[in-house]
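User: Please take a close look at one part of this protein, namely the salt bridges and the elements that they join. I would also like to see how that part is placed within the rest of the chain.

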Amino acid sequence: MEIFLSNSVEDDIVSLFSIVNDFSNWYDDVYGQLHEKPKKNPTREPGLAECEIMTILLLFFQSHQKFFKHFYNHFKAYNKKFFPNMPCYERFMELRKRVLGKLAIFLKLLLEFNTNEVYVDSTPIKVCHRKRRKQYKTLKPCATSACSTMGKFFGLKLHIAADCLGNICNFKF
């Protein structure tokens, strides 16, 4: 399966990257000093910048592929000119953890609340078994014991508001 990009798709990738890059620079200027610096400096420098990682993740969401691994390997093979230093899939999966918070804020800023019909739903995100909640430390500040139609759980509730076309208008944990 070979997919070659036309000029308009190439322009879309470049424009998406420029938007993400502008946001990333703004975010680092405004919120960069608020984040705690890691105790140890990373030993490996990533081949991709944070804005490049975010762009690849957003391109996956725009594509209609189900599996990220297939998308990534295909994108890596045919789009070296956009991202020449793309790491292997396993390394990229480690790198994406660095940008998930920034990506969530970017998506939150992009979403516009539509005043037409909006459907709201929530889903539980279990972080550990209820009996182990005292030992759990990762999401301790925001994870709570709660109930859903599926029973009690320890974790978060993700609330999503979507319009009649299925586009996400807003989300909240």
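Analyst: The account below begins with the overall layout, turns to the salt bridges, and then follows the surrounding elements outward.

The model is a predicted one. Its protein chain contains 5 helices and 4 strands. In sequence order the elements run α-α-α-α-α-β-β-β-β, and 29% of the 173 residues count as buried.

The search for salt bridges, carried out over the whole structure, returns 3 of them. Side chains of opposite charge can pair when their charged atoms come close. Two of the pairs involve Lys102, as the following distances show. In one pair, the side chain of Lys102 meets that of Asp28, with 3.1 Å from N to O. Because Lys102 belongs to helix 5 and Asp28 to helix 1, this contact ties together parts that lie 74 residues apart in sequence. In the other pair, Lys102 meets the side chain of Glu50, at 2.5 Å from N to O. Here the link runs from Lys102 in helix 5 to Glu50 in helix 2, across 52 residues of the chain.

Is Lys102 buried or exposed in this arrangement? Lys102 is buried, because its relative accessible area is 5%, and a residue has to be under 20% to be called buried. Its two partners fall into another class. Asp28 has a relative accessible area of 38% and is therefore partly exposed. Glu50, with a relative accessible area of 32%, is likewise partly exposed.

The remaining salt bridge joins Arg91 and Glu94, whose closest N and O atoms are 3.2 Å apart. This pair is local: Arg91 and Glu94 both lie in helix 4 and are 3 residues apart, so about one helical turn separates them. Arg91 is buried, with a relative accessible area of 12%, whereas Glu94 counts as partly exposed at 45% relative accessibility. Through shared partners, by contrast, salt bridges connect Asp28, Glu50 and Lys102 into one network.

The helices that carry these charged residues also contribute to a nonpolar core. The largest such core comprises 28 residues, and those with the most contacts inside it are Ile56, Phe68, Phe75 and Phe92. Two or more of its residues come from each of helix 1 (7–31), helix 2 (50–62), helix 3 (68–78), helix 4 (89–95) and helix 5 (100–110). Helix 2 supplies the largest share, 8 residues. Helix 2, the element that holds Glu50, thus takes part both in the Lys102 salt bridge and in this core.

Helix 1 and helix 5, which the Lys102 and Asp28 pair ties together, appear once more at the surface. A nonpolar patch is formed there by Trp26, Val30, Tyr31, Ile105 and Leu109, which together have about 430 Å² of accessible area. Helix 1 and helix 5 are the elements that give two or more residues to this patch, and helix 1 provides the largest share, 3 residues. Leu109, one of the patch residues, is located in helix 5. With a relative accessible area of 54%, Leu109 is exposed, since the class begins over 50%.

Beyond the helices, the chain continues into its strands. A loop between strand 1 (118–128) and strand 2 (144–148) contains Lys134. Lys134 counts as exposed, because its relative accessibility is 71%. Together with Arg130, Lys131, Arg132, Arg133 and Lys152, Lys134 forms a positive surface patch.

Residues of the strand region can also be placed relative to one another. Ile160 belongs to strand 3 (residues 151–163) and counts as partly exposed, at 28% relative accessibility. Ile160 and Ser122 are separated by 38 residues in sequence, yet their C-alpha atoms are 6.1 Å apart. Pro124 is part of strand 1 and is partly exposed as well, with a relative accessible area of 28%. From Pro124 to His159 the C-alpha distance is 8.9 Å, over a sequence separation of 35 residues.

To return to the part requested: Lys102 in helix 5 is paired with Asp28 in helix 1 and with Glu50 in helix 2, and these residues make up one network. The pair of Arg91 and Glu94 stays within helix 4.

Methods
Residues are numbered from 1 along each chain as its sequence is written. This is a predicted model: local features need pLDDT of at least 70, side-chain atom pairs count only at pLDDT 80 or more; totals for chains, interfaces and linings use all residues. Side-chain values use heavy atoms; hydrogens and water are left out. Patches are made of residues with over 30% relative accessible area and no salt bridge: like charges are joined within 9 Å, nonpolar side chains (Val, Leu, Ile, Met, Phe, Trp, Tyr) within 5 Å. Accessible areas come from the Shrake-Rupley method with a 1.4 Å probe; for residues, only the protein chains shown count as cover. A salt bridge is a side-chain nitrogen of Lys or Arg within 4 Å of a carboxyl oxygen of Asp or Glu. Lys and Arg count as positive and Asp and Glu as negative; His and the chain ends are not counted. The place of a charge is taken as NZ of Lys, CZ of Arg, CG of Asp or CD of Glu. Buried means under 20% relative accessible area, exposed over 50%, partly exposed in between (1.4 Å probe, protein chains only). A nonpolar core is a set of buried Ala, Val, Leu, Ile, Met, Phe, Trp, Tyr and Cys residues joined through side-chain atoms within 4.5 Å.
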